[in-house]
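Got a protein in front of you and not sure where to begin? Let's go through it with some questions and answers.

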Amino acid sequence: MRVGQNGKLFSSALVIAGTLTAQDVSYNVMPRTDFAKYRTYNWLNIGGAHADQIMDAEIKQSVDAQLASRGLTKTDSDKADLYIGYQTAVNQEMQWDAWGSRSFGMGMGSWTSSTISVGTLVLDMYDPGTKELVWTGRATKTIDPGSNHEKNMKNLDKAVAKLLKNYPPKQKS
């Protein structure tokens, strides 16, 4: 996992967990993919997974629960219909806050800045037969390193549920 501004490793369990102050989710699919044929999946190590073994297990458990609710079955077999992997990153960003008053085009105000942590979880799904990426999704949110573990896990589950909300994608006619 990386921290953007200073390049230091960020090893705490903060991936997508934390206090929700902003959240963006997006996904993309390989055109003309028949997602109905995918019934089983196996986890794939693609690099960039969370270094903390506990957090790694919690991320996978959250994804497993969402995929199970969509009819997919996790397997350890190399003959799975899908291979799934994830990557995480935490970047530091500047946040600018302004306040003040304006009257007739004139006014007084003030600016302050703070550094916030933004966590990103990228989930990828590969078709082992074609060896192609067929689905990719990204959940990004501001995280609070001071949040308690239970709150972090609830937020992780919410982020993964939102990320996989439209999986499998609707087939276009």
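Q: Where is Pro168 found?
A: This is a predicted model, so everything here is computed from it. Pro168 is joined to Tyr167 by a cis peptide bond, with omega at about -5 degrees. Most peptide bonds are trans, so a cis one deserves a look. As for its place in the chain, Pro168 sits in the segment after α2.

Q: What order do the elements of the protein chain run in, from the N terminus on?
A: Start with the ingredients: the protein chain has two helices and six strands. Walking along from the N terminus, the order is β-β-α-β-β-β-β-α.

Q: Which handedness does the β-α-β unit made by β2, α1 and β3 have?
A: Look at the two strands to begin with: β2 and β3 pair in the parallel sense, over two bridges. In that pairing, Thr40 stands opposite Thr73 in β3. Add α1 to the two strands and you've got a β-α-β unit that is right-handed.

Q: How many salt bridges does the structure hold?
A: Side chains of opposite charge can pair when their charged atoms come close. One of the pairs here is Lys37 with Asp127, and another is Asp56 with Lys60. Lys154 and Glu150 meet in a salt bridge too, at 3.9 Å from N to O. Counted over the structure, the number of salt bridges is four.

Q: How many residues apart are Lys37 and Asp127?
A: In space, the closest N and O atoms of their salt bridge are 3.4 Å apart. Along the chain it's another story: Lys37 is in the loop between β1 and β2, while Asp127 is in strand β5, so the pair links distant parts of the chain, and the separation is 90 residues.

Q: Is Asp127 buried or exposed?
A: Its partner Lys37 has 45% relative accessibility, so Lys37 counts as partly exposed. For Asp127, the relative accessible area is 7%. The cut-off for buried is under 20%, so Asp127 is buried.

Q: Why are Asp56 and Lys60 separated by about one helical turn?
A: These two side chains meet in a salt bridge, 3.5 Å from N to O. Asp56 is buried at 17% relative accessible area, whereas Lys60 is partly exposed at 22%. The separation is about one turn because both lie in helix α1 and they are four residues apart.

Q: Which helix holds both Lys154 and Glu150?
A: Glu150 is exposed, with a relative accessible area of 56%. Lys154 and Glu150 are four residues apart, about one turn of the helix, and that helix is α2.

Q: How far apart in space are Met153 and Ser62, C-alpha to C-alpha?
A: Met153 has its place in helix α2, and it is buried at 14% relative accessible area. In sequence, Met153 and Ser62 are 91 residues apart, but from C-alpha to C-alpha the distance is 8.8 Å.

Q: How many residues does the largest nonpolar core have?
A: Several elements chip in: β2, α1, β4, β5, β6 and α2 each supply at least two residues. Among the residues with the most contacts inside the core are Leu67, Met125 and Trp135. Met125, for example, touches Leu82, Ile84 and Leu164, among others. The size of this core is 24 residues.

Q: What share of the residues in the protein chain is buried?
A: Here we're looking at the whole protein chain, which has 173 residues. It exposes about 10,400 Å², and carbon and sulfur atoms supply 51% of that. Buried residues make up 38%.

Q: What phi does Arg32 have?
A: Most residues other than glycine have a negative phi, so positive values stand out. Lys131, in the loop between β5 and β6, has a positive phi of about 55 degrees. Arg32 is in the loop between β1 and β2, and it is exposed at 83% relative accessible area. Though Arg32 is not a glycine, its phi is positive, at about 60 degrees.

Q: Is Lys79 buried or exposed?
A: Lys79 lies in the loop between β3 and β4. Its C-alpha is 8.7 Å from that of Thr40, with their positions 39 residues apart in sequence. The relative accessible area of Lys79 is 74%, so Lys79 is exposed.

Note on methods
Residues numbered from 1 in each chain as written. Predicted model: local features only at pLDDT ≥ 70, side-chain atom pairs only at ≥ 80, totals over all residues. Heavy atoms only, no water. Buried < 20%, exposed > 50% of the residue type's maximum accessible area, 1.4 Å probe, protein only. Core = buried A, V, L, I, M, F, W, Y, C linked by side-chain atoms within 4.5 Å. Contact = heavy atoms within 4.5 Å. Pairing = 2+ DSSP bridges. Right-handed = clockwise from strand over helix to strand, strands pointing away. Areas by Shrake-Rupley, 256 points an atom, 1.4 Å probe, with all protein chains shown as cover. Lists of a residue's contacts leave out its neighbours within four places in sequence.
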